[in-house]
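Thanks for sharing this one. Here are some notes to read with the viewer open, as numbered points.

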Amino acid sequence: MNPTINADPAELAKFSDLAHRWWDADGEFRPLHQINPLRLAWINGLCPLNGKTVLDVGCGGGILTDSLARSGAVATGIDLSTKALRIAQLHAMDAETHNVSYREISAEAMALEQPAAFDVVTCMEMLEHVPDPASVVQACATLVKPGGWVCFSTLNRNPKSFMLAIVGAEYVLNMLPRGTHEYAKMIRPSELAGFCRNAGLNVSHARGLSFNPLTQKYALNNDTSVNYLLATQKPAESVL
């Protein structure tokens, strides 16, 4: 596991510039607000969150982290964007969210500091923005307790995902700022599953996440061709 900073400065700058808009449900991060109830329910269905310790890797402005805490977890969000973390901290204060904290630290550094410390680790919409996603997966595997869950979500890499997630979402529907995603950084489910197995995680199941432009709603389904979520579990006997 590489303890150096596994981050793309251009990616950090991109999201830092939008940090003040993170909690605007009608702004650039509207899709995250819309999908958050779905991914929260999915995580809670795998491992009931009440009373659990949860780490949200690449938390940004804290949309998921805050909801994890409000579901009864003791939630920690980590990110490398100073501006986004400040927004997350301010929101937690304003919303009076308890049992939530934020740190500016990489997943790799956190893994060296707190191995096997969390019941659940989430890493959502983040892997496609780092130079070495396998390193983040390894860090997540190290951070979770034996028997605990690690949940990922990212974008598939194929012609359909290019047309829908980049051309459609960024250039036609203007759902996301242009340049949010790079096709070459998208990750096929088979690749992510390989990263997980190499890190000692058992792949449990995958779910697709689709958007209906007519109803303007998202839904979980079995189609992983564009957006998808992957649930993994650390074996109880693991010594990672």
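1. Let me begin with Arg70, which counts as exposed because its relative accessibility is 51%, just past the cut-off of over 50% for that class. Its partner tells another story: Asp66 is buried, at a relative accessible area of 5%. The two side chains meet in a salt bridge, with 3.1 Å from N to O. Both residues sit in helix 3, four residues apart, or about one turn of the helix. Please keep in mind throughout that this is a predicted model.

2. Some background on the whole chain may help here. The secondary structure comes to eight helices and eight strands. Of the 240 residues, 50% count as buried. Among contacts with a separation of 6 or more, 71% are between residues 24 or more positions apart.

3. Helix 3 also has a helical neighbour to look at. In general, two packed helices are described by the angle between their axes and the distance between the axes. The axes of helix 2 (residues 30–46) and helix 3 (residues 63–70) come within 10 Å and cross at roughly 45°. That angle is why helix 2 and helix 3 are classed as oblique to each other. The crossing of helix 2 and helix 3 is right-handed.

4. Which residues make the contact between helix 2 and helix 3? From helix 2 come Leu32, His33, Asn36, Arg39, Leu40 and Ile43, and from helix 3 come Ile63, Leu64, Ser67 and Leu68. By type, the residues of this contact divide into six nonpolar, three polar and one charged.

5. While you are at helix 2, have a look at Asp24, in the loop between helix 1 (9–17) and helix 2. Asp24 has a relative accessible area of 26% and is therefore partly exposed. Leaving aside residues up to four places away in sequence, Asp24 touches Arg30 and His33. His33 is also one of the helix 2 residues in the contact with helix 3.

6. Back to charge pairs. As a general point, side chains of opposite charge can pair when their charged atoms come close. How many salt bridges does the structure hold? There are eight, and the one between Lys145 and Asp119 has its closest N and O atoms 3.3 Å apart. This pair links distant parts of the chain, with Lys145 in strand 5 (residues 144–155) and Asp119 in strand 4 (residues 118–124), 26 residues apart. Lys145 is partly exposed because its relative accessible area is 30%, whereas Asp119, at 17% relative accessibility, counts as buried.

7. My last stop is the salt bridge of Arg157 with Glu191, where the closest N and O atoms are 2.7 Å apart. Arg157 lies in the loop between strand 5 and helix 7 (159–172) and Glu191 in helix 8 (residues 189–198), so the pair ties together parts that are 34 residues apart in sequence. Is Arg157 buried or exposed? With 15% relative accessibility, Arg157 counts as buried, while Glu191 is partly exposed at a relative accessible area of 25%. Salt bridges with shared partners join Arg157, Arg188 and Glu191 into one network, which would make a good view to show alongside the pair itself.

Note on methods:
Residues numbered from 1 in each chain as written. Predicted model: local features only at pLDDT ≥ 70, side-chain atom pairs only at ≥ 80, totals over all residues. Heavy atoms only, no water. Axes fitted to C-alpha atoms, helices over the stretch in contact; angles between N-to-C directions. Parallel < 35°, antiparallel > 145°, perpendicular 65-115°, else oblique. Left-handed = near helix turned anticlockwise from the far one by under 90°. Contact = heavy atoms within 4.5 Å. Nonpolar A, V, L, I, M, F, W, Y, C, P; charged D, E, K, R; others polar. Salt bridge = Lys/Arg side-chain N within 4 Å of Asp/Glu carboxyl O. Buried < 20%, exposed > 50% of the residue type's maximum accessible area, 1.4 Å probe, protein only.
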